[in-house]
Amino acid sequence: MNKKYLGMLVPVFGLAFLYFYINPSEVNFLPKCILYSTTGAYCPGCGSQRAAHHLLNLDFYKAAQQNILFIVGLFALLYYCFIEISNTFFNKHYTNKLKQQKTLVIILIVIILFFILRNLPFEPFNWLAPH
């Protein structure tokens, strides 16, 4: 295996091991969101650490309560990795839709809308806030 890929996998598995065993809501040494700490507004990534912990412990409902966009982003990352691995190691020529300009603009719009909607204080949008 290429050293570059191995060098990327080691920290990923290390973080997965950390978040599997440590619940971020029960400890103080993991990083906190600077935007939430200073303004009280939830950024698009707020709740991602707790969502990662719940996903690794196979609690999908609690993970979705923390940050549904994190879960969608993981599926997009899996798609990206699948296409790249298929093209690199199996000599396939699949087009990666995530590398297209239109897709990147749509992703940016979704992130901005998620940021705005999860900070609205009324239903159903307050369900997007971590809880």
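This is a short walk through the structure, one selection at a time.

Before you click: the model is predicted, so local features need pLDDT of at least 70 and side-chain atom pairs count only at pLDDT 80 or more, while totals for chains, interfaces and linings use all residues. Residues are numbered from 1 along each chain as its sequence is written, and side-chain values use heavy atoms, with hydrogens and water left out.

**Stop 1: helix 6**

Select residues 101-117, which make up helix 6. Helices here are DSSP runs (H or I, at least four residues), numbered from the N terminus. Pick out Thr103 on this helix. Is Thr103 buried or exposed? Thr103 is buried, at a relative accessible area of 18%; the cut-offs are under 20% for buried, over 50% for exposed, and partly exposed in between (1.4 Å probe, protein chains only). Leaving aside residues up to four places away in sequence, Thr103 touches Lys97 and Leu98, where contact means heavy atoms within 4.5 Å.

Now add Leu35, Leu108, Ile112, Phe115 and Ile116: together they form a nonpolar patch on the surface with about 410 Å² of accessible area. Areas are Shrake-Rupley values with a 1.4 Å probe, and for residues only the protein chains shown count as cover. Patch members have over 30% relative accessible area and no salt bridge, and nonpolar side chains (Val, Leu, Ile, Met, Phe, Trp, Tyr) are joined within 5 Å. Helix 6 gives the most to this patch, with four residues.

**Stop 2: the aromatic rings**

Rings of Phe, Tyr and Trp (its six-membered ring) pair when their centres lie within 6.5 Å; planes under 30 degrees apart are stacked, over 60 edge-to-face, and the rest tilted. That rule yields four aromatic pairs. Zoom in on Phe20 and Tyr21: with centres 4.7 Å apart and planes at 90°, the pair is edge-to-face. Phe20 is partly exposed at 32%, and Tyr21 is exposed at 55%. Add Phe17 to see the cluster that ring pairs make with Phe20 and Tyr21.

**Stop 3: the salt bridges**

How many salt bridges does the structure hold? There are two, each a side-chain nitrogen of Lys or Arg within 4 Å of a carboxyl oxygen of Asp or Glu. Select Lys62 and Asp59 for one of them, with the closest N and O atoms 3.9 Å apart. Then go to Lys99 and Glu84, at 3.3 Å from N to O. This pair links distant parts of the chain, 15 residues apart: Lys99 sits in the loop between helix 5 (68-89) and helix 6, and Glu84 in helix 5. Glu84 is partly exposed, at 23% relative accessibility.

Conventions:
Helix = DSSP H or I, 4+ residues; strand = E, 2+ residues; numbered from the N terminus. Patch = residues over 30% accessible without salt bridge, like charges linked within 9 Å, V, L, I, M, F, W, Y side chains within 5 Å.
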